[in-house]
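Reader: I would like a close look at one part of this model, the place where protein and DNA meet. Please then connect that part to the rest.

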Number of protein chains: 2
Amino acid sequence: MPSALDRQVTSALIRKLESITALSEVEREAIQSLPVRTQVFGAHQDIVRDGDTSSQCCLILDGWACRYKLLNQGKRQILSFHVPGDIPDLQGLHLPSMDHSLATMKHTTVAFISHESLRALTARLPDLAALLWRDTLIDAAIFRAWMTGLGRRSADERIAHLFCEMYLKLQAVGLAGDYRCPMPITQMDLADALGLTPVHINRVLMGLRSRALITLRSRTLVIEAWEELMEVAEFDPRYLHLDRRAA
Amino acid sequence: MPSALDRQVTSALIRKLESITALSEVEREAIQSLPVRTQVFGAHQDIVRDGDTSSQCCLILDGWACRYKLLNQGKRQILSFHVPGDIPDLQGLHLPSMDHSLATMKHTTVAFISHESLRALTARLPDLAALLWRDTLIDAAIFRAWMTGLGRRSADERIAHLFCEMYLKLQAVGLAGDYRCPMPITQMDLADALGLTPVHINRVLMGLRSRALITLRSRTLVIEAWEELMEVAEFDPRYLHLDRRAA
DNA sequence: CGACCCTTTGAACCCGCTCAAAAATGGTGG
DNA sequence: CCACCATTTTTGAGCGGGTTCAAAGGGTCG
């Protein structure tokens, strides 16, 4: 039985979905009626682990998370960053076991939604099912953009590209504006996301700073020159499929 | 109105889907009744281009295709390889425009299925909708595996990993066995898929050959030492989610 | 205010790249 | 069936973007 608190809680999801497409009143209502269980995690804690079989999805309400894979010798690849409104493990609805882990980057609040209630929702509202499907497809589109960076872009370009992407993602859910946004990740995290070393990330970051493109301090990113940054990154926002808001 | 030929044609799709999960008789019948338009492409031809808006999906019947993104200065990143039974642009069902291109690697036959008829199918058979959704989720899981390679694996490991993956994918649809499979791609294609240069691919390939792990000749891959190859690649087949057949 | 994590700096090194050319392969037409 | 041409593979030598290892500064949070 969803409580009044639940209804507030899922508004993060509604805002996110509305950044992708319009919702009907019935759909909004159905989402608000989802029963959820909220939980608070400290920084750098695993929410789900590689190999786990879960019966629920994790909606981020506040904070940041990342998905990652671990290799031998402690090598780590971060696959994605997630912000409020995201459901990073939505794929779990149709894939039985996790092929990667999900962890917080900082103090983070999440809402767990059971697969059962999500399946009931998608069975009842096929348009909403299509929208959630679409969300996982955008997730995959972002993977493709990252792959392209990892395979074919220089260190500067990769960093610039990631900053463009995160800024727009955050802006779409109202968490960024005026060319500044939270960026609560360390240079080590950046390195593991971009396939580089922390030392090199640091040097490139200082380079971007000295070229007056960005500043990254106190876990806040300030984009000093949006146009030039996009140019360095060769950034084309189409892949984010944020149809409701222009880039 | 589907013809008798159509029914044969979609059997590639059925075989692929059954490599993922079991199909009911109704589902098989529904797939076989899909109206399709087949078309033959020569080698290295674009089927759909970055930016296109399409009203149909492309099912590969025979041959190989790849998805790729182009950057400035002719840089190319190959995002995935596709074999008979795959629908490489299934994401087009819910994403209006292509964020990458799709091209043949060799002489290839495809069947086009209209979004319209696919949407009718998924509306009528929710379980089949879930299965197609699941197929796109596996697609994304493969992206994650590639990202991990591009970001954190050495050249040897990346090549070994790709060969393990392609062998299992082909085996799942009956196109490989006995540790050999078709591999109709050039070293330049491998380079663009793995974020390396053709020259380096060549040197690493010769290294793997001299270590008696694989041979790649006449567009055929022979895996001489499956266990060792998997070890080099640090390969874990779980991400392919091929539940029906053991790896 | 102390401890720990994070960022910054330096110097040597190496994996994979670049450019160039030769050898092998394979598809095509005569 | 063979000769031809284009594409692909192979080889060589030098180079460079990013790494490695180590240690010194800075923030930040209990």
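Reader: By class, how many nonpolar, polar and charged residues does the surface near DNA strand C have?

Author: The model is a predicted one. The surface near DNA strand C has eight polar residues, five nonpolar residues and four charged residues. In total 17 residues lie around DNA strand C, and those that come nearest are Q187(A), N202(A), R203(A), M206(A) and T197(B). Of the strand C atoms that come within 4 Å of the protein, 67% belong to sugar and phosphate.

Individual contacts show which parts of the strand are met. N202(A) has a polar side-chain atom 2.4 Å from a phosphate oxygen of DNA strand C. R219(A) also meets the backbone of the strand: an N or O atom in the R219(A) side chain is 2.9 Å from a phosphate oxygen of DNA strand C. R203(A) reaches a base, with a polar side-chain atom 2.5 Å from a base nitrogen of DNA strand C. Two elements give two or more residues to this surface, namely α8 (198-210) of chain A and α8 (198-210) of chain B. The largest share comes from α8(A), with five residues.

DNA strand D can be described in the same order. Around DNA strand D there are 16 residues, and T197(A), N202(B), R203(B), M206(B) and R219(B) come nearest. Sugar and phosphate make up 64% of the strand D atoms that come within 4 Å of the protein. By class, the surface near DNA strand D has seven polar, five nonpolar and four charged residues. A base nitrogen of DNA strand D lies 2.5 Å from a side-chain N or O atom of R203(B). R219(B) places a polar side-chain atom 2.8 Å from a phosphate oxygen of DNA strand D. Chain A takes part here too: a backbone N or O atom of A155(A) is 3.2 Å from a phosphate oxygen of DNA strand D. Both α8 of chain A and α8 of chain B supply at least two residues of the surface near DNA strand D, and α8(B) gives the most, with five residues.

Both chains thus appear at each strand, as the α8 elements show for DNA strand C and for DNA strand D. That leads to the contact between the chains themselves. Chain A contributes 50 residues to this contact and chain B contributes 50 residues. The two chains bury about 4,400 Å² between them, and carbon and sulfur atoms account for 63% of it. Eight salt bridges are found across the interface of chain A and chain B. One of them joins D50(A) to R238(B), with the closest N and O atoms 3.2 Å apart. There are also 25 residue pairs in polar contact across the interface of chain A and chain B, both residues at pLDDT 80 or more.

On the chain A side, β4 (65-70), β5, α5 and α7 (187-194) each supply at least two residues of the part that touches chain B. Of the elements of chain A, α5(A) gives the most to that side, with 19 residues. The side of chain A that touches chain B is made up of 23 nonpolar, 15 charged and twelve polar residues.

Within chain A there is one further contact to describe. Chain A is divided into domain 1, covering 4-144, and domain 2, covering 154-240. Their contact takes 17 residues from domain 1 of chain A and 19 residues from domain 2 of chain A. The centres of the two domains, taken over C-alpha atoms, are 24 Å apart. About 1,700 Å² is buried between domain 1 and domain 2 of chain A, with 65% of it given by carbon and sulfur atoms. In domain 1 of chain A, the residues that lose the most area to domain 2 are W64(A), R76(A) and F81(A), together 36% of what that side buries.

R76(A) also forms a salt bridge with D192(A), with the closest N and O atoms 2.7 Å apart. Across the interface of the two domains of chain A there are three salt bridges and seven residue pairs in polar contact, both residues at pLDDT 80 or more. The side of domain 1 that touches domain 2 draws at least two residues each from α2 (11-20), β5 (76-82) and α5 (126-152) of chain A. β5(A) gives the most to that side, with five residues. By class, the residues of that side of domain 1 of chain A are nine nonpolar, five charged and three polar.

Note on methods. Residues are numbered from 1 along each chain as its sequence is written. Chains are lettered from A and ligands numbered from 1 in the order in which they are written. This is a predicted model: local features need pLDDT of at least 70, side-chain atom pairs count only at pLDDT 80 or more; totals for chains, interfaces and linings use all residues. Side-chain values use heavy atoms; hydrogens and water are left out. Domain bounds come from an automatic or database domain assignment. Contact means heavy atoms within 4.5 Å. Buried area is the accessible area (1.4 Å probe) that two parts lose on being put together, summed over both. A salt bridge is a side-chain nitrogen of Lys or Arg within 4 Å of a carboxyl oxygen of Asp or Glu. A polar contact is a pair of N or O atoms within 3.5 Å; within protein, one must be able to donate a hydrogen and the other to accept it, and residues adjacent in sequence count only if both atoms are side-chain atoms. Helices (H or I, at least four residues) and strands (E, at least two) are DSSP runs, numbered from the N terminus. Ala, Val, Leu, Ile, Met, Phe, Trp, Tyr, Cys and Pro count as nonpolar, Asp, Glu, Lys and Arg as charged, and the others, Gly among them, as polar. A residue is near a molecule or strand if one of its heavy atoms lies within 4 Å of it.
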